[in-house]
Amino acid sequence: MKLTFLGSCSGTEPMPGRHHCSFVIESAGKVYFFDAGENCAYTAFTLGIDVTKMEKIVISHPHIDHVGGLPNLLAVVRKMISRYKITLDHDIDVYISDLTALEGAKLMLKAGEAHYETSMKVNGHIIDVGLVFDDGNMRVTSCGNTHLKPREDGKVLSYSFLIECEGKTILYTGDIGHISEVRQWLGQCDLLIMETGHHMAEEVAGWLYENSFCPPQVWFNHHGRAMLADPQGQVALARKALGSENVFYSNDGQSLML
């Protein structure tokens with residue numbers, strides 16, 4: 001199983017060498033996208049990731065820095081189908097808390113390629129708390145978090161995910177109100193991907209230590225200004241607070257073998 005960070009930046013103004021949040025997991029000949037920041041299709045394609053093998057796209061919440069690249073990602077798949085005469089043997093399933101963003105992406109595709117649906121089928125699924133999907137290779141479970149306020153009808157809009165694949169467990173917080181909101185999963189994950197767009201790495205690591213959680217690997221992602229200004233310094237502080245050297249920060253294009 002291979003995990004690649006496609007975008008490591010939070011929703012700041014554009015930052016040199018960094019793009020908005022997205023990562024992919026490649027496993028069993030399949031490609032799974034988690035979030036779809038603005039440059040995710042370009043980065044994936046130029047790294048040699050076969051986007052035509054993408055079957056699932058999971059969006060943590062509908063802020064633009066997590067979903068802004070969705071139209072282009074679907075357009076690149078469509079372009080590859082046409083350019084290389086590929087016939088997809090699978091649908092593309094998009095999981096998101098509000099289908100408005102996906103509907104908008106489809107409208108953008110239709111404006112220029114009204115026939116795109118003849119070569120690829122994109123299905124929208126609304127995320128709720130609990131099982132997102134289980135395709136026999138990967139199982140993804142969600143829990144709501146407080147990054148976004150629920151709608152007036154009570155619908156949760158922002159989620160964190162537990163990803164189980166090939167005997168490994170990855171906890172992806174997405175944007176989150178506080179790390180304690182995924183407390184129930186912290187003791188079972190092999191790898192924690194935690195955002196620093198709204199949190200200080202040292203404070204997160206200190207809370208983990210105080211509550212006796214020390215995941216085998218902690219990766220900070222979705223970087224905020226403190227991490228962007230001094231990533232090595234911020235990680236050093238987090239390592240000291242957690243009492244572990246297995247704390248890292250992500251860069252665009254960086255891959256991990258799990």
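## Nonpolar core

The largest nonpolar core of this structure holds 31 residues, and F33, I57, L70, L74, I92 and M120 touch the most other members. The model is a predicted one. Several elements feed this core with at least two residues each: the strands β3 (30–34), β4 (54–58) and β5 (92–96), and the helices α1 (40–46), α3 (70–83) and α4 (100–112). Helix α3 gives the largest share, seven residues.

In soluble globular proteins, nonpolar side chains tend to be buried together.

## L74 and M120 within the core

L74 belongs to helix α3. Its relative accessible area is 0%, and the cut-off for a buried residue is under 20%, so L74 counts as buried. Apart from residues within four places in sequence, L74 is in contact with I57, I92, L102, A105, L109, M120 and V122. Among these partners, I57, I92 and M120 are also listed with L74 as core residues that touch the most other members.

M120 has a contact list of its own: beyond residues up to four places away in sequence, M120 touches L74, V77, R78, I81, L88 and I92. The contact between L74 and M120 thus appears from the side of L74 and from the side of M120.

For a sense of distance across the model, the C-alpha atoms of L74 and C189 lie 31 Å apart, with the two positions 115 residues apart in sequence numbering.

## Packing of α6 and α8

Two packed helices are described by the angle between their axes and the distance between the axes. For helix α6 (residues 201–210) and helix α8 (residues 231–242), the axes come within 8 Å and cross at roughly 15°. An angle under 35 degrees counts as roughly parallel, and α6 and α8 are therefore roughly parallel to each other. Their crossing is right-handed.

On the α6 side, the contact is made by A201, E202, A205, G206, L208 and Y209, and on the α8 side by Q234, L237, A238, A241 and L242. By type, the residues of this contact are eight nonpolar, two polar and one charged.

## Q234 at the helix contact

Q234 sits in helix α8 and is one of the α8 residues in the contact with α6. Is Q234 buried or exposed? Its relative accessibility is 11%, so Q234 counts as buried. With neighbours within four places in sequence left aside, the contacts of Q234 are M200, A201, A226 and M227. Of these, A201 is named among the α6 residues of the helix contact.

How values were computed. Residues numbered from 1 in each chain as written. Predicted model: local features only at pLDDT ≥ 70, side-chain atom pairs only at ≥ 80, totals over all residues. Heavy atoms only, no water. Core = buried A, V, L, I, M, F, W, Y, C linked by side-chain atoms within 4.5 Å. Buried < 20%, exposed > 50% of the residue type's maximum accessible area, 1.4 Å probe, protein only. Helix = DSSP H or I, 4+ residues; strand = E, 2+ residues; numbered from the N terminus. Contact = heavy atoms within 4.5 Å. Axes fitted to C-alpha atoms, helices over the stretch in contact; angles between N-to-C directions. Parallel < 35°, antiparallel > 145°, perpendicular 65-115°, else oblique. Left-handed = near helix turned anticlockwise from the far one by under 90°. Nonpolar A, V, L, I, M, F, W, Y, C, P; charged D, E, K, R; others polar.
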